[in-house]
Structures are given as structure tokens and as C-alpha cells.
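The following exercises are meant to be worked through with the sequence and the coordinates open side by side. Try each task before reading its solution.

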Amino acid sequence: MKLFEYEAKNILTKYGIPTPNGGLATNASQAHEVATKLKPPFVVKAQVLVAGRGKAGGILFADSIADVEKATEKLLSMQIKGIPARNVWIEEKVQIKKELYFGITTDRFNQNYVAIASTIGGMEIEEVAAEAPEKIIKFPINSQHGFRSFHARHIARKMGYAGSQVSELGRIFERLYCVGMDYDAELIEMNPL
């Protein structure tokens, strides 16, 4: 089962993983209502179960509530990779210092989970692996011992972080692992983190 972004963000929030404030809308009127509860600027994202949504025009930026309404109408009238957008997620646009990637997936060959991290986020991880394989960090997760806080901090340090950032990233990595295990996920990722 795949989850829409808004469904995943609701779960991540329950686990204490920081996510931008946002809300779901199925029409421009609802989008207006959601946007009035948020701080501009905004991001309006088509909710479709396809990869590469941003490159396909499914993510728009808005500076005002009127722009949110226009973006919502545009996204709800389009198809992204053949899939119609039925609703949009509107959220506050956050200031980005750096986009990272972190995910946990099944390693079928070794019959366990593997954490995958990269200092290059916002791109499909397959592209990063092909273009800059040295930027990919893989960490096998022992099925008997799980993924512990010291494993998470180790990955954050390998990504070049130090001090309080190691602890902050480590907590996010560890909580994402908990989400993945609690929901029996084959893949759980944050891109970009």
C-alpha cells in the first residue's frame, strides 16, 4: 500500500518528526480556508501516487491566498503522469539550508532492512546513486538488534554533521525507523529532509 504525502505527514507528526504546517483541500474554497490558517509563502502540492511529481509540474509555490486558490484550481485540473489530482496539500514553505535524503527499505538479498542516506536530497535517489554513488551512505540494519540511536548518530556524522545537529538528525532517523517498523513498511523515506 502506498500513502499519499498528506497521510504520511500525519503519521510522521504523530511520531514527533518535524513537518511543515499544512492542510488538505479538494477545491479552491477549501484551499482558501486552509491557507488562512498558515503563514505565507505557501507550497501547493498535488496528491498523486507517482514519483517525480515536482518535475511534472505537480508542486506550485504561492505568495498569497489568492495564489493558493489559483494553484489549487490548476493542479486539480491536471493529470500527473496520467493520474488525475483529486486533492492538494497546502503547507507553509520552509526556509531550506540543505536538502538531505534518508530512507529505510528492505534488502531482499540479505533479508534485512537497510538505511540509505545522502547529502543530496530533492532528487530521486536512483539518480543520485547513478551520478554520485560516493554520496550514498548505506547502513545495514541487524534484524535482531534493530536501528539504535547510536546507529542514527553514526549516519549523521558520516553525512558531515557535528554537535547538536548529529543528535537532531539522529532523532529524526530513529523515529522514521520506528514508523517503518510499526507500519511494516517496505520503504519509508524523507526526500527532501
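**Exercise 1.** Leaving aside neighbours within four places in sequence, with which residues is Ile 155 in contact? Then place Ile 155 within its core and its helix.

*Solution.* The model is a predicted one. Once neighbours within four places in sequence are left aside, Ile 155 is in contact with Phe 102, Ala 115, Ala 117, Ile 137, Phe 139, Phe 147 and Phe 173. The next step is the core: the largest nonpolar core has 28 residues, and those that touch the most other members are Phe 102, Phe 147, Ile 155 and Phe 173. At least two residues of this core come from each of helix H1 (5-14), strand E7 (101-107), strand E8 (112-118), strand E9 (136-141), helix H5 (149-158), helix H6 (164-182) and strand E10 (187-190), with H6 giving the largest share, seven residues. Separate from this is a second core of 19 residues, which includes Ala 31, Leu 38, Met 78 and Ile 80.

The last step is the helix. In H5 the buried residues are His 151, Ala 152, Ile 155 and Ala 156; because they cover an arc of only 140° around the axis, they lie on the same side of H5. Among the elements that cover these buried residues are E7, E8, E9 and H6.

**Exercise 2.** Is Arg 53 buried or exposed, and what surrounds it?

*Solution.* Begin with location: Arg 53 belongs to the loop between strand E2 (42-46) and strand E3 (59-62). Its relative accessible area is 15%, and because buried means under 20%, Arg 53 counts as buried. Its contacts, apart from neighbours within four places in sequence, are Glu 5, Lys 45, Ala 46, Gln 47, Val 48, Gly 58, Ile 59 and Ile 80. One of these, Glu 5, is itself among the buried residues of H1, together with Tyr 6, Lys 9, Ile 11 and Leu 12, and the elements covering the buried residues of H1 include E2.

**Exercise 3.** Which peptide bonds are cis, and where does a residue that is not a glycine have a positive phi?

*Solution.* As background, most residues other than glycine have a negative phi, and most peptide bonds are trans. A cis bond joins Pro 40 and Pro 41, with omega about 0°, and Pro 41 sits in the loop between helix H2 (28-36) and E2. Another cis bond joins Asn 191 and Pro 192, with omega about 5°, and Pro 192 falls in the segment after E10.

For phi, Gln 111 has a positive value of about 55° in the loop between E7 and E8, and its 68% relative accessibility makes it exposed. Asp 184, with phi near 50°, lies in the loop between H6 and E10 and is exposed at a relative accessible area of 63%.

Terms used
Residues are numbered from 1 along each chain as its sequence is written. This is a predicted model: local features need pLDDT of at least 70, side-chain atom pairs count only at pLDDT 80 or more; totals for chains, interfaces and linings use all residues. Side-chain values use heavy atoms; hydrogens and water are left out. Helices (H or I, at least four residues) and strands (E, at least two) are DSSP runs, numbered from the N terminus. Buried means under 20% relative accessible area, exposed over 50%, partly exposed in between (1.4 Å probe, protein chains only). Contact means heavy atoms within 4.5 Å. A nonpolar core is a set of buried Ala, Val, Leu, Ile, Met, Phe, Trp, Tyr and Cys residues joined through side-chain atoms within 4.5 Å. The arc is that of the directions from the helix axis to the C-beta atoms.
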